[in-house]
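Dear colleague,

I am handing over the structure below, and my notes on it follow directly after.

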Amino acid sequence: MYQLKAQIKKLDKVGLLFILPSLLIVLLLLIYPVVSSLYFSLTSKNLIKSNYDLVGFQNFIFVLSSKEFYEALWVSVKWTVLSILGQVLVGFIAALALNKLPRFSGLFRVLLIVPWAFPTIVISFTWKWLLNDVSGVIPNMLTMLGFTNTNIDFLSNSTLVFGTVLFINIWFGAPLFMVNILSALKTIPNEQYEAAAMDGANAWQSFTHITIRHIRSVIGLLVVLRTIWVFNNFELLFLITGGGPSGKTTTLPIYAYKTGWGLMQLGTASSITILLLVILIFVSLIYFKILDKWEREDR
């Protein structure tokens with residue numbers, strides 16, 4: 001208790017006063033949606049009716065016993081895991097290649113980061129136009145080159161749609177990993193590689209014990225941030241596929257949206273969002289535990 005009082009006395013009161021307005025805004029924007037969602041998840045709130053009752057955990061019981069919830073959860077898990085793995089792999093390979101380029105690495109870096117620079121809505125509608133089975137460039141080109149007999153509708157084919165949007169998301173997110181990993185690679189001293197070579201280490205040993213060890217914390221932090229972002233991602237999938245066909249791209253955020261705004265069941269939709277929050281908190285705790293272990297090892 002004495003230590004806490006001492007730390008409070010050491011606080012910069014003037015500095016705290018300056019950041020207080022911004023801090024209050026952030027807290028309101030963060031706390032109000034969570035608290036309101038938690039409250040409505042315990043009610044029978046319907047967007048059509050003005051009256052509603054407290055129903056306790058009935059919404060959670062309904063959602064957890066629903067087949068659609070587990071189907072959306074499985075799609076969300078696949079979407080997140082495969083997207084992150086693809087983005088890490090592509091970003092890592094691109095960063096390694098750019099790090100070895102003696103010239104024009106800046107130019108290639110700018111060109112490769114283009115997908116990340118555009119708004120999601122632009123990316124979504126551009127890919128919808130490119131993949132359209134009537135006027136789309138890609139289906140028509142594949143048919144002209146003889147790879148397909150007829151134009152394929154990548155976004156309506158239940159077999160191809162998930163792989164298609166997964167490719168788009170990897171293409172969209174990989175530049176973020178590339179830029180950050182490349183920055184981390186630039187900080188590795190060449191003397192460490194020279195010392196390892198003098199000690200008899202081969203290329204693979206230098207790569208695993210020097211390169212990976214220096215950049216793993218950066219990759220780990222990016223994975224945490226991107227996992228939260230991709231798992232929560234709504235606009236990219238919704239704008240491209242709307243969650244279809246046949247629910248093949250319906251993730252938990254889209255399922256919650258359809259429940260809340262499609263069926264007008266705000267109470268049920270709020271319970272879905274709370275479950276989504278719990279899942280993300282659990283996954284983030286695991287991630288941070290691993291990152292903390294790496295930091296202790298580096299010390």
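**The nonpolar cores**

In this model, which is predicted, the largest nonpolar core holds 39 residues, and the members that touch the most others are Trp79, Ile181 and Ile215. At least two residues of this core come from each of helix H4 (67-100), helix H7 (120-130), helix H9 (161-186), helix H11 (203-232) and helix H12 (235-240), with H9 giving the largest share, 13 residues. Once its neighbours within four places in sequence are set aside, Trp79 is in contact with Phe162, Val165, Leu166, Asn169, Val230, Asn233, Leu236, Leu237 and Thr251. Another core lies apart from the largest one and has 14 residues, including Phe60, Leu252, Leu275 and Leu276.

**The protein as a whole**

The protein has 14 helices and zero strands. Its radius of gyration is 24 Å, whereas a compact globule of 299 residues would have one near 19 Å, and the C-alpha trace spans about 80 × 75 × 35 Å along the principal axes. Buried residues account for 35% of the 299 residues, and, among contacts with a separation of 6 or more, 67% are between residues 24 or more positions apart.

**Surface and charge**

The accessible surface of the protein is about 18700 Å², and carbon and sulfur atoms hold 70% of that area. As for charge, there are 22 positive and 14 negative side chains, and the centres of these two sets are 5 Å apart.

With best wishes

Technical notes. Residues are numbered from 1 along each chain as its sequence is written. Side-chain values use heavy atoms; hydrogens and water are left out. Helices (H or I, at least four residues) and strands (E, at least two) are DSSP runs, numbered from the N terminus. The radius of gyration is taken over C-alpha atoms; the globule rule is 2.2 Å times the number of residues to the power 0.38. Buried means under 20% relative accessible area, exposed over 50%, partly exposed in between (1.4 Å probe, protein chains only). Contact means heavy atoms within 4.5 Å. Accessible areas come from the Shrake-Rupley method with a 1.4 Å probe; for residues, only the protein chains shown count as cover. Lys and Arg count as positive and Asp and Glu as negative; His and the chain ends are not counted. The place of a charge is taken as NZ of Lys, CZ of Arg, CG of Asp or CD of Glu. A nonpolar core is a set of buried Ala, Val, Leu, Ile, Met, Phe, Trp, Tyr and Cys residues joined through side-chain atoms within 4.5 Å.
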